[in-house]
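Colleague: Got a minute to walk me through this one? I'd like the charges, the surface and the confidence.

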Amino acid sequence: MQQLEQDLPFQRREWRAQRVGWLLMAAVVAAALFGGAGPLTTTTAEAGSLHVEYRRFDRFKAPTPLRFRVGGRATSGTGPDTLRLWIDRDYLGRFQVGGVLPTPDGVEVGPDRLTYSFVVSNAVGPAEATGPVEVTFHLTAEAFGVARGRAGLPGGEAVAFDQLIYP
Amino acid sequence: MDAVLRAVAIYTFLLVVFRIAGKRTLADVTTFDFVLLLIIAETTQQGLLGNDFSVTNSFLLITTLIGLDVGLSLLKGRLPRLAKATEGVPLVLVEDGEPFEDRLRGARIDEGDVLEAARRLQGLERLDQIKYAVLERDGGISIVPARPGGGG
């Protein structure tokens, strides 16, 4: 046919490139199925009695839960105890803090960290250690890139956890 | 600045994804493909706007997208290799009534698609009435009918 810009070698290369593209697409979908909210992404960091459960990868403006578990603590038995937990300020600045479960009793602002205090009940009995208590922060990522998390108990253990937020 | 980067990212991504999907993805006119395109439009919206629903943001995004389109077409005019990479090349599927099976397979088209185009465009009934059937760059099939009495 006159004046048709057919180019068979190019066409074959294009079809090959398309097949490679399909494989990449399949890989992306597979990664998303297993990652995101999946079982491979959620991981824990721990130091002593402090455990934090977090997602290694998450996405911009997507909700991501941060779960702290503090192991058995002896109580004085004379009334509700207070759990104080500090979180690095730069880390929290990259998120919007939605709900905190339970609602913190108070938040103290420090130069590089925010310290949350929670009331811990000791309904178990006088002078007995309470079981591990769990505090959940519902965060929404507001900045993408690596979020370096630091948190800990004042004067005690501290944990580090890094997250990668996709744009 | 955010808005411009989003627009560039999404425009480029859609360009690449539709190139990978193949020409027929955009040319198919079944009801389902139409629905699919509508859904894709919806998924793009949030990524483009983010949380900013201001009119200014919309204007910025539209300007960037149209600008990219114009820029790309100017660039394609100057660099023929870019034009080939982004648009592809036409492909003869049927010559003098004989289909090229390997090309039909590669393009994921069957004879029925060619015959449908022949009926729709030229009112032809059979494959042997087709001199050339060409898969154009936009995914549509064009038909050159055989001259009556043979030859051509």
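Modeller: Here is a short tour, starting with the ground rules.

Modeller: This is a predicted model, where local features need pLDDT of at least 70, side-chain atom pairs count only at pLDDT 80 or more, and totals for chains, interfaces and linings use all residues. Residues are numbered from 1 along each chain as its sequence is written, chains are lettered from A and ligands numbered from 1 in the order written, and side-chain values use heavy atoms, without hydrogens and water.

Colleague: What does chain A average in pLDDT?

Modeller: 83, with 85% of the residues at least at 70. pLDDT is the predictor's confidence in each residue, from 0 to 100.

Colleague: Which elements of chain A have the lowest and the highest mean?

Modeller: Strand β1 (residues 42–47) of chain A is lowest at 79, and helix α2 (residues 89–93) of chain A is highest at 92. Helices (H or I, at least four residues) and strands (E, at least two) are DSSP runs, numbered from the N terminus.

Colleague: Salt bridges next. How many over all chains?

Modeller: 16. The rule is a side-chain nitrogen of Lys or Arg within 4 Å of a carboxyl oxygen of Asp or Glu.

Colleague: What does E134(A) meet?

Modeller: R69(A), at 3.3 Å, N to O. E134(A) sits in strand β9 (residues 133–141) of chain A and R69(A) in strand β4 (residues 63–70) of chain A, so the pair ties together parts 65 residues apart in sequence. E134(A) is partly exposed at 42% relative accessible area, and R69(A) is partly exposed at 31%. Buried means under 20%, exposed over 50%, partly exposed in between (1.4 Å probe, protein chains only).

Colleague: Which residues share a network with that pair?

Modeller: E53(A) and R67(A) are linked with R69(A) and E134(A) in a network of salt bridges.

Colleague: And in chain B, what does R120(B) meet?

Modeller: E116(B), at 2.5 Å, N to O. Both lie in helix α7 (residues 111–122) of chain B, 4 residues apart, about one turn of the helix. R120(B) is exposed at 60%; E116(B) is partly exposed at 31%.

Colleague: Surface now. Which residues make the positive patch?

Modeller: R13(A), R16(A), R19(A) and R81(B). Patch residues have over 30% relative accessible area and no salt bridge; like charges are joined within 9 Å, nonpolar side chains (Val, Leu, Ile, Met, Phe, Trp, Tyr) within 5 Å. Helix α1 (residues 8–34) of chain A gives the most, with 3 residues. R81(B) is in helix α5 (residues 80–87) of chain B and is exposed at 75%.

Technical notes. Areas by Shrake-Rupley, 256 points an atom, 1.4 Å probe, with all protein chains shown as cover. Lys, Arg positive; Asp, Glu negative; His and termini not counted. Charge placed at Lys NZ, Arg CZ, Asp CG, Glu CD.
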